[in-house]
Every structure is written in structure tokens, then in C-alpha cells.
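Hi everyone, thanks for coming. Today I'd like to walk you through one protein model, looking at how its parts meet and where its pockets are. Please have a look at the picture first.

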Amino acid sequence: MDKMIRVSAGNGQIRAFFVRNSDMLERTREIHQLSPVAAAALGRTMAATAMMAQMLKASGQKITIRINGGGPLGTVLCVADYDGNVKGLVDYPQAETENISPEKLNVGAAIGKDGEITVIKDLGMKTPYIGTYPLTNGEIAEDLTAYFLHSEQQPSSVGLSVKVNVDYSILTSGGFIIQVLPDISEKELRLLESRLLNLPPLSELYETLRDPETVMHTVLDGLNPIVSEEKKVVFHCDCSRERMEEALISLGAKELSSIIEEDGHAEIKCHFCLEAYQFNKMELRKLNIEALGE
Ligand SMILES: [Zn+2]
């Protein structure tokens, strides 16, 4: 089962998040028929988005991460909320790149590095917070580390890892974000740095240990970590017929009239879960009347 933990360590001067998100990635892979490298890119981004959603304050708040580096995958887009719901997509889910080695997918080449990472925080206010930073190498973890440091002035270590089976199903997906606060002692900072430097590959940790809490105890060994919260994270798409109606109304009366005349029906597909919503002529006419009233 996918889950996320929030951790405090080093006398409260280290805050960390660890997530296992294999199931939500497998579900997304089935929906979008993801290629292995698309699954790796999306799994890493979903893990990061799920953890960053836990840095928000309240239920209902949302975070969106958009990565566009000009590579063959196009844009990678993930949305997660504070309650643990996560969804994601890539423009070209079947895109492939040559592997770095037989075992290592080339996510950096698939995403590209000619572009930026955008973080949108919707806190339920009128305008969302938007932060952007140029991509470092398109591998996502390094790009996020740079984003945290330069856009949020927050020194962080980001680890993200996806492993895909030969039949393209997801073996494991998971990650961590570790952030240090200004009053961390020299000794603890050095211990954390050496832990991170000597870490076995994260995919191996998640493959053998599976549970994010066990992975966390390996990574933060000696730093007195305490789990302060544990949460289930799941793939969930919040699309609905009402939202699709709103989208149709927002096309405007003129456009709706021409759809009614030319096609007599409309099908709108959700980009995240690919559910198709059908609207017949009568329903479109009703929406057209609403559009006229706006
Ligand atoms: Zn949907």
C-alpha cells in the first residue's frame, strides 16, 4: 500500500518526508500505457508532488508540479492535495529514449533540460502561489533541489526513484525530501551529509525494505528520527460531469452553438484519468442557455 510519512529529526532541525507510491504509478501506467521512461519520469514527479502537498497547511489545499524540458515526453504534470490524492500525466506517454545502461532509464534525456520546473500552490486564496526555476538536468530530483534552494531559500536533499519490471509493470516507486532548518548543529549536519553521500541506490532501498518508515530509519540512522504523521496516498482523479459542464460553458455561447449545429453532440475526455463524458444535443442546448446568461 502506498503511504507517506512526515518525520522530524536532529532535535527538530531536520524535517523529512518519505513516500512509497508504487501502486498509484502502476494505476497511472495502466491508464496511460506508459513507456518505462515515461513511468520513471511520472513516478518521480508524483512522489515529489505527494510529499510537497504535505508541506501545505490544510485539507483541500493543492499543489501542481509542471516540468517541461523540451524532451520527447513533452510536459510532465502532477497534482496532489493535502489529503493524499495524487494524479499525473505526460504529453507523450509512449515516448522512449535510449537507456543509460541496461538497468538505467534516461529520464534526463526524456524530459530534456531546456526548460523549467513550475510549482503552483493553491491555498484556496484568490491567486495561487507560483514559483519557477530553470531545469538543472531533467532528472527531477536535482531540479527540485535547485528549485527549493533558489525559489524557496530552503536547503534540501531530494531523492526519487522508480524501478520498472521487464513487462513494464512497476516494481517500485518512492522517494524522500529532507530539509534542514537554520539552527541545525554542525555535528548533525555533517552526519546527515555523510549518510546521504553513502546511501545505497534509493531504488534498492525501496525494493528491499519496501516500507517508507524502514527506508527512513536507514537514511536517517543516528539522527533520532521521529515519525510525526503517517498518511495513505492514492491515485485519485477529481474530474466530474459538473466540471466538464463548466468547461463547455466557458467555451462561450458562439462556440457551443456551432458544436450543436455541426456535431450535435460532444465528448470531453479527462486528460488525467481518460474518462469520457458524453453530452447530447439537449444537454448542450441547456449549457448554451447558461453560457448566454454569462
Ligand atoms: Zn479524471
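Before any numbers, one term: buried area is the accessible area, found with a 1.4 Å probe, that two parts lose on being put together, summed over both. The size of an interface is often given in just this way, as the accessible area lost when the parts come together. And please keep in mind that what you see is a predicted model.

Let's start with the domains. The assignment splits the chain into domain 1, residues 3-235, and domain 2, residues 241-292. Taken over C-alpha atoms, their centres are 36 Å apart.

So what do the two domains bury between them? The value is about 560 Å², and 70% of it is on carbon and sulfur atoms. On the domain 1 side, Ile31, Lys87 and Leu89 lose the most area to domain 2, and together they make up 55% of what that side buries. If we count contacts, 9 residues of domain 1 touch 5 residues of domain 2. How many salt bridges are there between domain 1 and domain 2? The count is 0.

Now the pockets. The largest pocket holds about 930 Å³ of space. Its lining has 34 residues, and Arg44, Lys104, Ser161, Val162 and Ser203 are the ones nearest its centre. Which elements give two or more residues to that lining? They are the helices α2 (36-53), α4 (141-151) and α6 (202-209), along with the strands β8 (156-164) and β9 (170-180). β8 gives the most, with 8 residues. Sorted by class, the lining of the largest pocket has 19 nonpolar, 7 polar and 8 charged residues.

The second largest pocket has about 210 Å³ of space. It is lined by 13 residues, and closest to its centre are Lys87, Cys239, Met244, Cys270 and Phe272. Two elements, α8 (241-250) and β12 (266-269), give two or more residues to this lining. By class, it divides into 7 nonpolar, 1 polar and 5 charged residues.

Where does the second largest pocket lie? Domain 1 and domain 2 both give residues to its lining, so this pocket lies between them. Here we meet a residue from earlier: Lys87 is among the residues closest to the centre of this pocket, and Lys87 is also one of the three in domain 1 that lose the most area to domain 2.

That's my tour. Thanks for listening!

Note on methods: Residues numbered from 1 in each chain as written. Predicted model: local features only at pLDDT ≥ 70, side-chain atom pairs only at ≥ 80, totals over all residues. Heavy atoms only, no water. 1 Å grid on protein atoms, 1.4 Å probe; cavity = no way out; pocket = protein on both sides within 12 Å on 5 of 7 lines; lining within 4 Å. Points joined across faces, edges and corners; volume = space filled by probe spheres on them. Helix = DSSP H or I, 4+ residues; strand = E, 2+ residues; numbered from the N terminus. Nonpolar A, V, L, I, M, F, W, Y, C, P; charged D, E, K, R; others polar. Domains from an automatic or database assignment. Contact = heavy atoms within 4.5 Å. Salt bridge = Lys/Arg side-chain N within 4 Å of Asp/Glu carboxyl O.
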